[in-house]
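Me: I have just opened this structure and would like to understand the words people use for it. Could you go through them with me?

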Amino acid sequence: MTTTTPATRPLLSVEGLHVTFPGRHGAPTARAVDGVDLDIRPGEIVALVGESGCGKTTLARSLLGLVPPASGRVTFDGAPLDHSARALKAYRRRAQLVLQDPSGSLNPRHTVYDAVAEGLRIHGRTGDERAAVAEALARAGLRPPERFFLRYPHELSGGQRQRVVIAGALVLEPELLVADEPVASLDASVRGEILALLLRLRTELGLSALVVTHDLGLAWNIADRVAVMYLGRIVETGDVEQVLTAPRHPYTQALLSVLPEAPGAPVVLTGEPPDPSRIPAGCRFHARCQVLAGGEAERAGVADACRGQDLEILHGGAETQVACHWARTRAEPAVPPAAEGDRGTATAAHPD
């Protein structure tokens, strides 16, 4: 879908990123993001997928300078991200966050006009404010925009509120959107409209986007590449069609198996993800892994490695990669691929 090539310099690049949080009452430090490499190229949409608590929202916020990293580097347009207040303010004109809950993102006392104009005022943008607000609302699909200027959030539908949030990001003419579960709070009938809007904005404006989601169905419909995250690490990454039609990591296979269109019985993972302050030795997924539990890893001769040998950080390029001892012994995926469908129709299936 994207017109970029693997040789294109990334717009955003993450190298060896670690984000930690101090434990309470003497508990060990929690490693929320435990070594991540990731690239987003100009005009590319990357989906960051995983269960709740896997670290994907923390990673997204760190990319915007909202959560300082313990180590590692974020580079935007070839320059390392400077965490000084002035530099971050300038950076956030070019990289905007779209949150999950539009109701929580909008001040109920502000009109739609003021909500969209707020970014212009914060950043001291000059020029015709009214024209800029109208253009942003129109691009977000609220037409005619003047009809919405004096309305308040409670007077809008959920989909309209999310469009106002997107317009508030677009008004600064950013190059990158970081969208954290952008359709999770919306009705199924509205999700497709918002996803189609994001695809149209990429085509019309050349926007890049990182879309954070637990929903692999959403990733299939909107992304060029997908990165699957588990317990602070990316465990599988690559072209969305390759990863989602021929998943290699058992965790990716389990997430895909619960989609309505997936063949076979859903994979039921046992237990909860480990505490990020007590990440286990070996593959961090091994305690819940259906392949290890079913004996396939033993037969492949990698069970000991699964339990005791850590895997390297996957680098952030375009190649399909997997962090799994067992998957690397196999040339083909172990389960039938998820059912293929037409991409770009922007209908999302929720696995939970």
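Me: Which order do the strands of the four-stranded open sheet have, and what is their pairing?

Reply: Happy to help, and please keep in mind that this is a predicted model. The order in that sheet is β2-β1-β4-β5, and the pairing is antiparallel.

Me: Why are β2 and β5 said to stand at the edges?

Reply: Each of them has a single partner strand, so one side of β2 (30-40) and one side of β5 have no neighbour in the sheet.

Me: How do you know that β1 and β4 pair?

Reply: Two strands count as a pair if there are at least two bridges between them. Strand β1 (residues 12-21) and strand β4 (residues 71-76) have five bridges, in the antiparallel sense, so they pass that cut-off. You can look for some of the partners yourself: Glu15 is bridged to Arg73 in β4, and Val14 has Val74 as its partner there.

Me: What makes β4 and β5 a pair?

Reply: Here the count is two bridges, with β4 and strand β5 (residues 79-80) running antiparallel. The cut-off is at least two, so this also counts as pairing. One of the bridges has Thr75 opposite Pro80 in β5. Together β4 and β5 form a hairpin, with two residues between them.

Me: What is notable about phi of Asp77?

Reply: Its phi is positive, near 55°, and the residue is not a glycine. You will find Asp77 in the loop between β4 and β5, in the turn of that hairpin.

Me: Why is Asp77 called partly exposed?

Reply: Buried means under 20% relative accessible area and exposed means over 50%, with partly exposed in between. Asp77 has 33% relative accessibility, so it falls in the middle class.

Me: And Glu181, is this residue buried or exposed?

Reply: Glu181 counts as buried, because its relative accessibility is 10% and the cut-off is under 20%. Glu181 also has a positive phi, about 50°, although it is not a glycine. Its place is the loop between β7 (176-180) and α7 (188-205).

Me: What makes Leu199 a buried residue?

Reply: The relative accessible area of Leu199 is 11%, and under 20% is what buried requires. Leu199 lies in helix α7. From Leu199 to Ile222 there are 23 residues in sequence, and their C-alpha atoms are 6.8 Å apart in space.

Me: What makes helix α10 mostly covered?

Reply: Eight of the eight residues of α10 (residues 250-257) are buried. Among them are Pro250, Tyr251, Leu255 and Ser257. The cover over these buried residues includes β3 (45-49), α8 (216-222), β9 (225-230), β10 (233-239), α9 (240-245) and α11 (290-293).

Me: Which strands form the seven-stranded open sheet, and what is the pairing there?

Reply: The order is β6-β7-β8-β3-β9-β10-β11, and the pairing is mixed. Its edge strands are β6 (95-98) and β11 (321-322), each of which pairs on one side only.

Me: What is the sense of the pairing between β7 and β8?

Reply: β7 and strand β8 (residues 208-213) are parallel and have five bridges. Within this pair, Ala179 stands opposite Val211 in β8.

Me: Which peptide bond is cis, with omega near -10°?

Reply: That bond runs from Arg143 to Pro144. Pro144 belongs to the loop between α5 (129-139) and α6 (158-170).

Me: Why can the whole protein chain be called as compact as a globular protein of that length?

Reply: The protein chain has 13 helices and eleven strands. Its radius of gyration is 21 Å, and the globule rule gives 20 Å for 352 residues; the two values are close, so the description fits. The C-alpha trace spans about 70 × 45 × 45 Å along its principal axes.

Me: How much of the chain counts as buried, and what do the contacts join?

Reply: Of the 352 residues, 53% count as buried. Among contacts between residues at least 6 apart in sequence, 71% join residues at least 24 apart. The protein chain exposes about 15,400 Å², and carbon and sulfur atoms supply 50% of that area.

How values were computed:
Residues numbered from 1 in each chain as written. Predicted model: local features only at pLDDT ≥ 70, side-chain atom pairs only at ≥ 80, totals over all residues. Heavy atoms only, no water. Rg over C-alpha atoms; globule rule 2.2 N^0.38 Å. Buried < 20%, exposed > 50% of the residue type's maximum accessible area, 1.4 Å probe, protein only. Contact = heavy atoms within 4.5 Å. Areas by Shrake-Rupley, 256 points an atom, 1.4 Å probe, with all protein chains shown as cover.
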